[in-house]
Amino acid sequence: MKLETDIRKIEEMTRANDKEDRQYRSLLEASDLTSEEIDTIVQKHYEEVSAQIECRECGNCCKVFCPPLTSGDIDRLALLKKMPREDLIRKYLAVCRNGEEHSIKFSPCPFLAGNECSVYPERPEACRSYPGLERPGFVSRIGYLFSNCSVCPLIYHVYERVKREIRDREGIKSTH
Ligand code: SF4
Ligand code: SF4
């Protein structure tokens, strides 16, 4: 069956699952499974889900987040856009905190064209690493991932699958 990727429906399903998701978030954090064992379960589901969801047809994270940029990101983007670094900063970036940190100034991101990134080969590190489900430490980042379920179909479906598998393994009844 095709995975749901319509972001309005994902938001609705996240809201509907909120109580159960909070309960399972606590159970995951208190699970007898080691962090490595949970990461192995996450990896399996991430591989299955990411094979079925095409980020280029979604682009929702680019519509709602203003990712931070490293100095190297700014240099690479300025080169790609054939603009002086200072012009790129003025046109597209907000300056944060001590005046040395930058993030994209607008959402949706001004580099989004349709649902695709127009600067994809030189996109910022933060964009490359989102949603980060392939990285170890799922449980230690669960609060962040949980809060992103309504934004990202990949996170939503992986979270739901991991939740079901842990529930089945530990013999916990669904609250639904
Ligand atoms: S730079 Fe590209 S990947 Fe990053 S938020 Fe903008 S459109 Fe999305
Ligand atoms: S990372 Fe998530 S929100 Fe971003 S484009 Fe891919 S599926 Fe959509």
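Here are three short exercises on this predicted model, each with a worked solution.

**Exercise 1. Get to know the fold**

Describe the secondary structure and the overall dimensions of the protein chain.

*Solution.* Start with the elements: the protein chain has 9 helices and 5 strands. Next, follow their order along the sequence, which reads α-α-α-α-β-α-α-β-β-β-β-α-α-α. Then turn to the dimensions: the C-alpha trace spans about 60 × 35 × 25 Å along its principal axes. Finally, look at burial, where 25% of the 176 residues count as buried.

**Exercise 2. Find the domains**

Which residue ranges make up domain 1 and domain 2, and how many Å apart are their C-alpha centres?

*Solution.* Take domain 1 to begin with: the assignment builds it from two stretches, 7-59 and 131-170. Domain 2 covers 66-128. Now place the two in space: their C-alpha centres are 28 Å apart. As a last step, consider contacts between residues at least 6 apart in sequence; 73% of these join residues at least 24 apart.

**Exercise 3. Inspect the ligand shells**

List residues around ligand 1 and ligand 2, and sort each shell into nonpolar, polar and charged.

*Solution.* Around ligand 1 you will find, among others, Cys 62, Cys 109, Cys 117, Cys 127 and Arg 123. That shell divides into 9 nonpolar residues, no polar ones and 1 charged. Arginine counts as charged, so Arg 123 fills that last class. Moving on, the surroundings of ligand 2 include Cys 55, Cys 58, Cys 61, Cys 152 and Tyr 130. Here the division is 10 nonpolar, 2 polar and no charged. To finish, match this shell to the helices: helix 4 (60-64) and helix 9 (153-170) each supply at least two of its residues.

Technical notes:
Residues numbered from 1 in each chain as written. Chains lettered and ligands numbered in written order. Predicted model: local features only at pLDDT ≥ 70, side-chain atom pairs only at ≥ 80, totals over all residues. Near = placed C-beta within 6 Å. Helix = DSSP H or I, 4+ residues; strand = E, 2+ residues; numbered from the N terminus. Domains from an automatic or database assignment. Buried ≥ 20, exposed ≤ 12 C-beta atoms within 10 Å, placed from the backbone. Contact = placed C-beta atoms within 7 Å.
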